[in-house]
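Please walk through this structure with me, one site at a time. Keep the 3D view open as you read.

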Amino acid sequence: MSIIIQGVTKLYGEQKALDNVSFEIKTGEVAGFLGPNGAGKSTMMKIITGFLPATSGSVKVNGIDVGNDSPGIKKTIGYLPENNPLYPEMYVREYLTFVASFYRPGIPVKKQVDNIIEVTGLAPEEKKKIGSLSKGYRQRVGLAQALIHDPDVLLLDEPTTGLDPNQIMEIRNLIREAGKEKTVMLSTHVMQEVEAICDRVIIIDKGVIVADDDKSNIYSKIRSGIQTIEVEFDKPVGEEDIRTATGAVSVRQISGNIWRIESAGEEDLRPVIFSFAVSNSLTVLSLQKKENNLEEIFRSLTAG
């Protein structure tokens with residue numbers, strides 16, 4: 001295993017940021033660490049990197065205990081913190097050379113820097129000061145410093161926060177490429193991020209792991225037996241009328257004459273809805289069976 005977390009608890013005074021957290025991430029796996037703001041994501045990442053001690057429990061990276069060999073851990077981890085701390089007065093190439101020299105003191109690093117500039121698409125900006133770069137390019141610089149020593153494990157904390165859609169796609173592509181050869185743990189509260197990049201989902205809420213599985217398995221397990229239909233009628237209809245006719249567990253008006261209907265039964269709701277429409281002189285303008293998505297699962301696990 002690349003990352004093994006066992007019974008980790010973190011206290012800030014009397015506040016419990018992490019509560020007996022355990023999970024494992026295998027070599028070559030891209031895992032999304034998903035949760036609302038304040039759930040404990042950043043705290044967990046700082047503990048894995050050795051920047052923050054756990055109150056109790058153990059963390060191992062590539063078989064090395066973080067508590068016993070923090071410097072050794074840092075050599076195997078690439079870390080992009082949420083706030084991406086950079087030196088704005090330094091030039092891009094200058095900064096990356098500076099970072100690379102930490103990992104290879106006294107050894108020329110030009111080839112290493114050349115390679116990471118090419119991989120992260122920083123060549124057009126390498127002679128500019130970091131402070132003059134767009135947010136997207138600053139994120140690229142942050143990712144470059146996390147990758148420059150060719151780490152086995154890559155930890156990314158909210159890597160696309162504040163980026164525009166084009167910049168988000170660029171950073172996601174870089175992460176996907178890195179994930180082909182490395183173990184990647186991606187912390188985010190943005191469901192689309194996990195949908196686009198990850199094949200494994202770990203969901204944390206209030207410091208407790210509430211789900212941990214392959215993405216496809218989580219979809220099938222969390223809402224097992226629930227079917228969701230979205231239907232649009234040509235004119236208004238009452239919520240209670242729909243509920244009575246379909247036996248639905250949930251009926252919600254999305255907008256206008258569009259309704260979302262959920263049923264726990266095995267019977268396909270679509271013929272039932274058509275019969276209801278005919279009986280009430282309604283025309284069905286659209287009817288769609290919805291697949292459960294990660295956003296719905298996230299809400300069901302972290303609500304309240």
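K182 touches G28, E29, L147, D150, P151 and D152, leaving out residues up to four places away in sequence; contact means heavy atoms within 4.5 Å. K182 sits in the loop between α6 (165–179) and β8 (183–188). Helices (H or I, at least four residues) and strands (E, at least two) are DSSP runs, numbered from the N terminus. K182 is buried, at 9% relative accessible area. Buried means under 20% relative accessible area, exposed over 50%, and partly exposed in between (1.4 Å probe, protein chains only). The side chains of K182 and D150 share a polar contact of 2.5 Å. Such a contact is a pair of N or O atoms within 3.5 Å; within protein, one must be able to donate a hydrogen and the other to accept it, and residues adjacent in sequence count only if both atoms are side-chain atoms.

This is a predicted model: local features need pLDDT of at least 70, side-chain atom pairs count only at pLDDT 80 or more, and totals for chains, interfaces and linings use all residues. Residues are numbered from 1 along each chain as its sequence is written, and side-chain values use heavy atoms, with hydrogens and water left out.

Now turn to another lysine. K215 lies in helix α8 (residues 215–222). K215 is buried yet has no salt bridge, that is, no side-chain nitrogen of Lys or Arg within 4 Å of a carboxyl oxygen of Asp or Glu. The nearest side chain of opposite charge, E195, is 4.7 Å away. Lys and Arg count as positive, Asp and Glu as negative; His and the chain ends are not counted. The backbone oxygen of E195, however, lies 2.9 Å from a polar atom of the K215 side chain.

Two loop residues have unusual entries. N84 is not a glycine, yet has a positive phi of about 45°. N84 is in the loop between β6 (77–80) and α3 (92–103), and is buried at 10% relative accessible area. E158, also not a glycine, has a positive phi of about 50°. E158 is in the loop between β7 (153–157) and α6, and counts as buried at 5% relative accessibility.

Finally, the sheet. Four strands form an open sheet in the order β2-β1-β4-β5, with antiparallel pairing. Two strands pair if DSSP finds at least two bridges between them. β2 (15–25) and β5 (64–65) stand at the edges, each with a single partner strand, so one side of each has no neighbour in the sheet. Seven bridges join β1 (residues 3–12) to β2. L11 has K16 in β2 as its bridge partner.
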